[in-house]
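Subject: Structure handover

Hello,

I am passing this structure on to you, with the sequence alongside. My notes on what turned up follow below it.

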Amino acid sequence: MNELAAVIPWLGTHKPRAARWVVIVLMITAPLIAAFFGRTWMRVLDFALLYVMLALGLNLVVGFAGLLDLGYIAFYAVGAYTWAFLASPHFGLHLPFWIVLPAGAAFAALAGLILGTPVLRLRGDYLAIVTLGFGEIVRIFMNNLNYPVNITNGPQGINALDPIIIFGWDISRNWQVTDNLSVNSLFFYYYAFLACVIGSVIFIQRMQVSRMGRAWAAIRDDDLAAKAIGINVRNVKLLAFSLGATFGGVAGGLFGAFQGFVSPESFSLMESIMVLAMVVFGGMGNLGGVIVGALILSFLPEVLRHHAVPLQQAVFGTVILDPEVLRLLIYALALILMMALRPAGLIPAHSRYSRPELLKAEPVPAEGRA
Amino acid sequence: METLLQQIVNGLVVGSVYSLVALGYTMVYGILGLINFAHGDVMMIGALVALQAILFAQKMWPSLGPLALVGIGLVVSIPTCMLLGYVVERTAYRRLRNAPRLAPLITAIGVSFLLQTLAMIIWGRGYHSFPQLISTVPMQPIEGVFVTPVQITTLLVSAGLMAALLLVVNKTPLGRAMRATAENHRVASLMGVDANKIIAITFIIGSALAAIAGVMVASNYGIAHYTMGFLPGLKAFTAAVLGGIGNIGGAMLGGIVLGLVESIGAGYIETWSFGFLNSSYQDIFAFIILGAVLIFRPTGLLGERVADRA
Amino acid sequence: MKKSLIALALLGFGVAHAQEQVVKIGQVSPLTGGQSHLGKDNENGARLALEEYNAKGLTIGGKKVKFEIMSEDDQADPKTATTVAQRLVDAGVKGVVGHLNSGTSIPASRLYHQAGLVQISPSATNPTLTNQGYPGVFRVMANDIHQGKVLGEFAVAKLGKKVAIIDDRTAYGQGLADQVDKAVKASGGTVTNREFTTDKAVDFKAQLTKIKAQNPDVIMYGGMDTQAGPMLKQIKELGITAKFLAGDGGCSSEMFKLAGDAIGANAYCSNPGVPLANMPGGKTFNERFKKRFNADIQVYAPYAYDAASAIVEAMKAANSVEPAKYLPALKKVSFDGVTGKVSFDDKGDIKGGAITLYQATGGKWEPMK
């Protein structure tokens, strides 16, 4: 949260306490603001929080431990399908969410361990391409495991997943306060997701300043030196990898419950790359940056979808490019330009636990606490 | 037996397509250590530009023979792609040479996206039928085993290009400069090599290869489309890694091996797994092989060195 | 800047309101990505229907009505589908034509249902869609069960008893192929192979070679024209003499471009509905479509046209544009669309749903007797 507060221009550097309050108020009132513009935006906001969780998890792997994972979405898929198996009519199981969600997290962590054990000795780009392959393998299996025994229902996907039910309260239903006033379920989902995100942030923050966090930083900066000072490189990497996977699994479970339908096409390579782009765009290794990156990049497509046509009509008098085309175009250009002009991300990481060369000109804040 | 032979022929043909694309990939990766995700899309642009040129030529000079048309397609698309490769390198990649290693990768993904979107704007969303100028009438060199002239041509073209590249890299001053830059571009600069120029030339050659690959792939399958580059690009990269990244002969070999594995795997996996797996797992082979090779033999089949840029 | 734009938009609406009632109809299909040509086709079909009704000038509930299409891109992605569905709900559309795919129609249908909207899919054929118990969900195309049965029976009765089946592992292709598989076995044929590819593949030789070894009479493909075309070429290149059979996804004019000289009397396909030429409004549909959009019909445009028409016809019958009011009328609607007679059964599936078989003759699909 301190990172987020520090992002706010002027206020963040001059009145950190006030900035922190701004962040808190924004967090709480965000769905109300979104609702003002229409429920679409609340839905986008809910999805954005899921992406924040994904980005936080991937940041743990890429930003902290320096392991480039291009198949991260596979863990998301594991979480979502766990929910589908344990809480949907598909197998007729309807376990409560406090069993299903941890189960999804555990399976994702297990998948992380299984994948991580052989591949983590690889470095850099090789690791990236192998994890990319792993992501595709998981998707292909989910797409095909309906024959000869039907496990995943193949490309048809699994429908009617149970929603999140807290003490008998189904948060996917609108809450009818009075006849005229009802609170939309998108609000409840927002706060449920927000709680998960806050929990993750606190956990990851603690992790980052712990012994383990420093070990990750050491490995990321110099694998060999880390080994020389007695860090068990293999185990520490594995932990980062499966912890990151765990967050993916949780996000996946929430996604399944929120959407009520899972199918393999939601877990394509493009999704992995989207999440990676969020992390890199925001600033690898910086929680605030990653959160801002995820929020911006998940809102961008929707903002374009809304404003591209009226804007073109106002400026040119006619629609030159379809909003869909424009969205892809701007997204691609944004990636390229961002990297060209600000390669360390929107909000570069603190130097204390990150790579110093990312912050060439900026002075190290003396009291900087991650 | 016929079936096995036919599968081997199929594998060789798919493999030669992978090889063609992999050659360009491996050159760029070998020298820059950059996964140029956009390489497959440069290939796509090459195919579509050639298609445009061929259609135009057919309209203007209807009497032209097929070979002349292919020639016109290549003559137009190769320089277009070379220019494209140069522009991309100059504007997007060059300034990232000392950036954290993820930045160029993200840029490459962005470029790939950008090229696809531009192609969609220019050529529309539909599949285009690519004129089959090289004959596709099947021949039977062995009774029951079918192969078409265009497939043989594809195989020959990739072998020829590989030989030409090997010559350039190993026997010319340019090649020496390339190898020096690949080793360490800062030191190469100190030795009087203009590293920027060498890298730009690498990109240009890689893009020219992509253009040729695009024309061959499109004439082989008879279609061109704005997403035709991505998946073959990915598999070609796999092929390049399999053969030993940066190794030109390896790219060729990796492509062929990958093609053979895919086609024989898809043909026989059902029998081997007692009916549990089937040809829907065809796309998995590439990735499994890739993982296995990297874990057990990270230098690839013919690799000379481990790309260690972590 | 943004504020002035909003003001501008509001102003625009204000002017429109003064003269006539603007009724927005949503349309959703993938407008980007590999299926975007089909998505655009659907959009055009629905747009043509609404524009023609506008040209006629309708009065519903005492007000002159002007239809406006609100077209959204779901990228064939379930998550995006729910987002754009929410957007349509927010925008206050009175009905939705879409989505193109079953995988996007199903998650989106939940939102439309909660909002009390009517959704008519032109092309989603997965039986699950109308089995969810949502009263507002319809489709104007016969579902996979029906089409698969016709295809399978036809293959065994007319083309030969040994059938090899390939599908593209999409919800559509796999669903159809499974139904054909069942029908072939039920009518006494044998399925020699079940092979699989993807909706992005261009090379099918490995699968076809394996099929060739079993020497089937027919090869059935469950998938789209973009794969079926090149597949036909490769069938020829491998010297396979089996006949080729596809569902509606392969029943397009695009096939003749993509398959070149490999397509001939050996190729058959099926399409729900009766042939365009046999329909009262169908003869001119082709021309009207071509004239308006300067593009050929791909596959589903006539269905999108009928889906949009069904909504408007129900509005006319109920004399209201509100979904809650015209839904009962839609359940009873019955009119001659371009794809055939349009009326729905209890679940929302199209009634009767004739399936026509076509054979490739002289560069186009000719309906068979």
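His99(C) sits in the loop that joins S4 to helix H4 (102-114) of chain C. The peptide bond leading into this residue, from Gly98(C) to His99(C), is cis, and its omega is near -5 degrees. Please keep in mind that this is a predicted model. A second backbone point in chain C is Arg169(C), which is not a glycine and yet has a positive phi of about 55 degrees. Arg169(C) is also in a loop, between strand S7 (162-167) and helix H6 (171-186) of chain C.

The sheets of chain C

One open sheet in chain C is made of six strands, in the order S2-S3-S1-S4-S5-S6, with mixed pairing. Its edges are strand S2 (58-60) and strand S6 (137-139) of chain C, each of which pairs on one side only. From one strand to the next the twist averages 35 degrees. At the S6 end, strand S5 (residues 119-121) of chain C runs parallel to S6(C), and the two are joined over three bridges. Within that pairing, Ile120(C) has Phe138(C) in S6(C) as its bridge partner. Helix H3 (residues 78-91) of chain C packs on this sheet, where it touches strand S1 (21-29), strand S3 (63-73) and strand S4 (95-98) of chain C. The direction of the helix makes about 160 degrees with that of S3(C).

Another open sheet in chain C has seven strands, ordered S8-S7-S9-S10-S11-S14-S15, and its pairing is mixed too. Here the edge strands are strand S8 (190-196) and strand S15 (364-367) of chain C, each paired on one side only. The twist from one strand to the next averages 25 degrees in this sheet. Inside it, strand S9 (residues 218-222) and strand S10 (residues 243-246) of chain C pair in the parallel sense over four bridges. Ile219(C) is placed opposite Phe244(C) of S10(C). As background, strands of a sheet pair through backbone hydrogen bonds, in either a parallel or an antiparallel sense.

Chain A against chain B

How many residues does each chain bring to this contact? Chain A contributes 47 residues and chain B 48 residues. The area buried between chain A and chain B comes to about 4,300 Å², with 78% of it from carbon and sulfur atoms. On the side of chain A, Asp125(A), Tyr126(A) and Ile129(A) lose the most area to chain B, and together they account for 16% of what that side buries. There are zero salt bridges between chain A and chain B, and one residue pair is in polar contact across the interface, counting pairs with both residues at pLDDT 80 or more. Four helices of chain A each supply at least two residues to the side that touches chain B: helix H6 (97-119), helix H7 (124-144), helix H12 (269-282) and helix H14 (323-341). By class, that side of chain A has 36 nonpolar, four polar and seven charged residues.

Chain B against chain C

This contact takes 32 residues from chain B and 34 residues from chain C. The area buried between chain B and chain C is about 2,700 Å², and carbon and sulfur atoms give 54% of that. In chain B, the residues that lose the most area to chain C are Arg125(B), Tyr127(B) and Tyr221(B), together 25% of what that side buries. One salt bridge is counted between chain B and chain C. Which residues form a salt bridge here, with the closest N and O atoms 2.7 Å apart? They are Lys210(C) and Glu270(B). Nine residue pairs are in polar contact between chain B and chain C, again with both residues at pLDDT 80 or more. The elements of chain B that give two or more residues to this side are helix H1 (2-32), strand S1 (128-129), helix H10 (248-272) and helix H11 (282-296). H1(B) gives the most, with five residues. The side of chain B that touches chain C divides into nine nonpolar, 20 polar and three charged residues.

Salt bridges overall

Over all chains, the structure holds 30 salt bridges. One of them lies within chain A, between Arg139(A) and Glu136(A), with the closest N and O atoms 3.1 Å apart. Both residues belong to helix H7 of chain A and are three residues apart, about one turn of the helix.

Regards

Notes
Residues are numbered from 1 along each chain as its sequence is written. Chains are lettered from A and ligands numbered from 1 in the order in which they are written. This is a predicted model: local features need pLDDT of at least 70, side-chain atom pairs count only at pLDDT 80 or more; totals for chains, interfaces and linings use all residues. Side-chain values use heavy atoms; hydrogens and water are left out. Contact means heavy atoms within 4.5 Å. Buried area is the accessible area (1.4 Å probe) that two parts lose on being put together, summed over both. A salt bridge is a side-chain nitrogen of Lys or Arg within 4 Å of a carboxyl oxygen of Asp or Glu. A polar contact is a pair of N or O atoms within 3.5 Å; within protein, one must be able to donate a hydrogen and the other to accept it, and residues adjacent in sequence count only if both atoms are side-chain atoms. Ala, Val, Leu, Ile, Met, Phe, Trp, Tyr, Cys and Pro count as nonpolar, Asp, Glu, Lys and Arg as charged, and the others, Gly among them, as polar. Two strands pair if DSSP finds at least two bridges between them. Axes are lines fitted to C-alpha atoms, for helices over the stretch in contact, and angles run from 0 to 180 degrees between N-to-C directions.
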